[in-house]
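Biologist: I am new to this one, so could you take me through the terms as we look? I would like to hear the reason behind each label.

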Amino acid sequence: MMSASSVLDALYRLSRTRANYWLESVLDAALGVALLGAGLAREHDSLRVALLVLSGLTLYSFMEYVFHRWVFHGALQTMARGHASHHTNPRGYDSLPFFLPALVLSCVIGVGVMLAPAAEVWLVASGIAFGYVAYGVAHFMIHHRRFRNAVLRRWAARHHIHHHHPGRNFGVTTPLWDALLATSYVPRRSTSAASARSASDTSTR
């Protein structure tokens, strides 16, 4: 019988493979489609559907921030170990074991349907699943492509900065929570320039 440490080591090795990386995206996308389909079968108000899915996407973006800041850069060594590997080799395929996000979301859905209408839970959960898929694809593109579009370059640069300043820019898909929780990276030269301008304004008064 395998020990707990052996199981964790096996999962760690699995989580670094290319097959695991993309199988995770496929599984979560399929779960998102299934949840959206189930929700649409019961909820026919298109505006309500859109708001529920958007709520799920927004909730996912906050979960992304929380996990990145306090779990992947936190004290839980199993998670921190895998994320540290990603910081060492950003072009690698480090991710969670392919089945884990879908399993956790399924458990959350199981609890959710006991507290709220099933259709609402399914639609919000589909937004979470799609958000996680978007994160996986976006994160891969950031580290494997050079964007020509200026907006996309700035968006990708935010995450590259995180690799040089691990205590800043935790959001990958969106800078929203970094802005709200004051963890956005601010270049020193910008701060110095602002201070210089402030001093100049004061001296001319």
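**Reading the labels**

Modeller: Gladly! By class, 28 nonpolar, 12 polar and 7 charged residues make up the lining of the largest pocket. Keep in mind that this is a predicted model.

Biologist: What makes a residue part of the lining of a pocket?

Modeller: Lining residues have an atom within 4 Å of a pocket point. By that test, 47 residues line the largest pocket, and the closest to its centre are Glu24, Phe72, Leu96, Pro101 and Tyr132. The space in this pocket is about 1,200 Å³.

Biologist: Which elements give two or more residues to that lining?

Modeller: Helix 1 (4-14), helix 2 (18-42), helix 3 (46-72), helix 4 (77-88), helix 5 (100-112) and helix 6 (118-144) do. Helix 6 provides the largest share, with 10 residues.

Biologist: How many helices and strands does the protein chain have?

Modeller: There are 9 helices and 0 strands, so from the N terminus on the elements read α-α-α-α-α-α-α-α-α.

Biologist: Why is valine 26 called exposed?

Modeller: A residue counts as exposed when its relative accessible area is over 50%. Valine 26 has 55%, and therefore it earns the label. This valine is found in helix 2. The C-alpha atoms of valine 26 and valine 133 are separated by 8.2 Å, although the two residues are 107 residues apart along the chain.

Biologist: And how much of the protein chain counts as buried?

Modeller: Of its 205 residues, 35% do; the label requires a relative accessible area under 20%. The accessible surface of the protein chain comes to about 12,300 Å², and carbon and sulfur atoms hold 66% of that surface.

Biologist: What makes a set of residues a nonpolar core?

Modeller: Its members are buried nonpolar residues joined through side-chain atoms within 4.5 Å. The largest such core here has 18 residues, and Leu35, Leu105 and Ile109 touch the most other members. Helix 2, helix 5 and helix 6 each give two or more residues to this core, with helix 6 giving the largest share, 9 residues.

Biologist: Which residues is leucine 35 in contact with, leaving aside its neighbours within four places in sequence?

Modeller: Leucine 35 is in contact with Leu105, Ile109, Trp122, Ala125 and Ser126. Contact here means heavy atoms within 4.5 Å.

Biologist: For the protein chain, what share of contacts with a separation of 6 or more comes from residues 24 or more positions apart?

Modeller: Those residues account for 69% of such contacts.

Definitions and conventions:
Residues numbered from 1 in each chain as written. Predicted model: local features only at pLDDT ≥ 70, side-chain atom pairs only at ≥ 80, totals over all residues. Heavy atoms only, no water. 1 Å grid on protein atoms, 1.4 Å probe; cavity = no way out; pocket = protein on both sides within 12 Å on 5 of 7 lines; lining within 4 Å. Points joined across faces, edges and corners; volume = space filled by probe spheres on them. Helix = DSSP H or I, 4+ residues; strand = E, 2+ residues; numbered from the N terminus. Nonpolar A, V, L, I, M, F, W, Y, C, P; charged D, E, K, R; others polar. Buried < 20%, exposed > 50% of the residue type's maximum accessible area, 1.4 Å probe, protein only. Areas by Shrake-Rupley, 256 points an atom, 1.4 Å probe, with all protein chains shown as cover.
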